[in-house]
Amino acid sequence: MTTSTTLRRSGFGPLRRGIDAFPLTGGRPSDRIARFRTISDLFEKRWMEGAVPLVLALALCAYVLATTNVGAANAPLILNEVSEYGLLALGLTVVLVGGGIDLSIGSMVGVCALGAMVADRVWMWPTAVVVPAVIVLGALLGSVNGYLIACRRMRPFITTLVTLIAFGGAASALQNAYSTKIGIGKQSLVWDFFSNGTIIGIPTEWFLFAVALIVAHLALTRSRWGWWVTATGSDRRSARRNGIPVTAVTFWTYVLSGALAGTAAILTSARLSRTDPNIGRGWEIIVLTAVVLGGVSLKGGRGSVLRATVGVVVVAIIQQATVADGAQGSYYTVILATVLLVFTILDLQWGKYRQRAVEKLKIDPARLSLGPLVDVTEPGTVWSLNRRLTDAPPVGLGKIRGAEDCAVDSDGNVYCGDQRGWVWRFRGIDDTEGEIFSRTGGFPCGHVWDAEGRLVVAVGGMGIYRIGKDGEPELVANKVTRSPLSLIDDSGLRAIDDLDVAPDGSIYASDFSTRTNTADFLLELVEFRPNGRVIRVTPDGKTEVVVSNYVFPNGICTAHDGESILVASTGLCRVDRLWISGPKTGQLEPVLENLPGYPDNINRSSDGNYWMPLCAMRTQMSDLLGKYPAVRRRMTREVSVDNWVVPQLNVSCVIKFSDRGEILSVLWDESMENYPMVTAAKERDGALYLCGVSNNRIGRLELDPSEVGTIDPSAVPGTARTRTPEEVTR
């Protein structure tokens, strides 16, 4: 149930988001968190793609540490393995993210390691030449894969399986040809530096891997090339259509993988300081298991080198556990094969069910309990039905497609929005053709004149724009500072729908949802959660949130005194006053509560009061559904959007009310023939202009002279003089 409590600005420092309007819902503190939607938001995060596999990998790691003899004494050996396997994992991660796979990395390590020994001990190359030469050799081997896969369009799995055998054969040939000569040791400061040296107190191989990890992470997540790799792995066809050089990107991922394999070979050769025909054999399975444990997808397009490194640590710990417990090497192979199989299945299933969960849980309605329902059909009340709006002459009949609001200048020209992103201009009521005055690209909703007579428009999906006399839109504001604790990016003004100008030149606007665009307003009519806010744009262009956690704020109007603004909450069927100057600055207090319908745009009248339409009416069914959020959530999953049960939108009702919250008059189109829905009623020069987001016209209703005052309702309060009766009715 709504409350009449006056709300004040709260919060501190960076967490302050203006006045917290959540208490207006009457909900419990626990209702602030939409449980299902929060889970959906978490699942939708990109870092959640590998979160579950990664958590399970860490759990597996903890289990191994708790049940085996692996301890702190094994840490140096584990980190040595991580450094060498980790370099291969970095390269394989990049290849997998790019949509490929590389099964030949183990064989490349064998070829490069033996090549390093041959160059150093047989050909007597200087060690300073051997090191870069081996890295180049690895890159050349990787380029073979890259050429066959990227340029010749061969399948990555088959291609790298063949090169695994070919490179393994080359390693065996080197071993057979030079086994005697490369077994003779050779003193070298460079090899000693790689095997036993330190850099700033950190063992050399650990330090080199850390540097490679940081560079790879930044390249994959912060560089254009990294974005190209991700796009290529996600959808090669779309990437190519967007101008990404897919062939080159794929080629260079394999070259990078080969270069890192060559680097790993150098570290391995330096550590072992001897020849070994088994160097690199089976490493591709170890590394592949590690990256899958780290949540890198085998389907391409997603993965992180940081998570892959965690997977490498887990694999290295498992390996040390088998050694520490005296198990045979075959046990380690079986364990890795089992882990790889389980996590591969998990990767496929988690990706599928994660997206399903996001879709099922993202709509999370709240419990809404309004006051007693007013019977508007009861005769003899201010709400009695009438036909005052029915015969209002149309403007732009058949030309307009859903004008949410309009503005009328001093010459009688009518400006209104259109769902197609246009702003129309009709030169008076007799202009049946009109002209497209401006093309905004979004949905022009609220229209208002500023103190300089410029048209300011709230463009749904885009932000606030100022339109010049030439029809050229100029951006005023399209974002605010993101909430520090928000799971989603709520900085964009995607659901701006109404606005008004204050005496100091500030623009106040209602942003009815931080989650959806203007076109998805039905979601808000189902959820009725405090997703909305009121935005202020200062005269120097800065933006701030002045009211947060509002339920569907859908109308803004600067009060006649210029010291407050009126805000219509469609979801709570109420109107509140936000004080922006004077002794009550920063307070929010009620004006109208428990309305029989859902209010929309508010506008000033010339006699010191306010016009406001009810875009929909409450019914017993709508009030009942508000109390059962689970039913509404089930409805969104079981039936199409067109069949959702939402408040009755085909209602033509305009009310006039005073600053004291008194309903002065109610205007209806009882037949609903001409104006089945009114979303804004704007007065100018003795006429009331009727707009409707589902209408194909604007109505121009001549008001009775007794209803017309001397105030110019289109002028910014405090900036216009009082008009004479002749000026009002001209």
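**Exercise 1.** In which helix is M621 found? Place this residue on the surface of the predicted model.

*Solution.*
- Step 1: Locate the residue. M621 belongs to helix α16, residues 620–626.
- Step 2: Check its exposure. The relative accessible area of M621 is 48%. Partly exposed lies between the 20% and 50% limits, so M621 is partly exposed.
- Step 3: Find its partners. M621 joins L624, Y628, V631 and V645 in a nonpolar surface patch.
- Step 4: Give the area. Together these residues have about 470 Å² of accessible area.

**Exercise 2.** Determine which residues gather in the patch of positive charge, and which helix gives the most to it.

*Solution.*
- Step 1: List the members. They are K299, K352, R356, K360 and R637.
- Step 2: Assign the main contributor. Helix α14, spanning residues 329–361, gives the most, with 3 residues.
- Step 3: Take one member. R356 sits in helix α14.
- Step 4: Classify it. R356 has a relative accessible area of 45%. A residue must be over 50% to count as exposed, so R356 is partly exposed.

**Exercise 3.** Decide whether the protein chain is a compact globule or more spread out.

*Solution.*
- Step 1: Count the elements. The protein chain has 18 helices and 29 strands.
- Step 2: Compare the radii. The radius of gyration is 35 Å, while the globule rule gives 27 Å for 730 residues. The computed value is well over the rule, so the chain is more spread out than a compact globule.
- Step 3: Look at the box. Along the principal axes, the C-alpha atoms fill roughly 115 × 55 × 45 Å.
- Step 4: Add the burial. Of the 730 residues, 55% count as buried.

**Exercise 4.** Work out where M124 and D685 lie, and whether each is buried or exposed.

*Solution.*
- Step 1: Recall the background. Most residues other than glycine have a negative phi.
- Step 2: Read the angles. M124 is not a glycine, yet its phi is positive, about 60°. D685 is not a glycine either, and its phi is positive, about 55°.
- Step 3: Place M124. M124 is in the loop between α4 (105–122) and α5 (127–151).
- Step 4: Place D685. D685 is in the loop between β27 (680–684) and β28 (687–691).
- Step 5: Classify M124. Its relative accessible area is 54%. Exposed means over 50%, so M124 is exposed.
- Step 6: Classify D685. Its relative accessible area is 13%. Buried means under 20%, so D685 is buried.

Technical notes:
Residues numbered from 1 in each chain as written. Predicted model: local features only at pLDDT ≥ 70, side-chain atom pairs only at ≥ 80, totals over all residues. Heavy atoms only, no water. Patch = residues over 30% accessible without salt bridge, like charges linked within 9 Å, V, L, I, M, F, W, Y side chains within 5 Å. Areas by Shrake-Rupley, 256 points an atom, 1.4 Å probe, with all protein chains shown as cover. Salt bridge = Lys/Arg side-chain N within 4 Å of Asp/Glu carboxyl O. Lys, Arg positive; Asp, Glu negative; His and termini not counted. Charge placed at Lys NZ, Arg CZ, Asp CG, Glu CD. Helix = DSSP H or I, 4+ residues; strand = E, 2+ residues; numbered from the N terminus. Buried < 20%, exposed > 50% of the residue type's maximum accessible area, 1.4 Å probe, protein only. Rg over C-alpha atoms; globule rule 2.2 N^0.38 Å.
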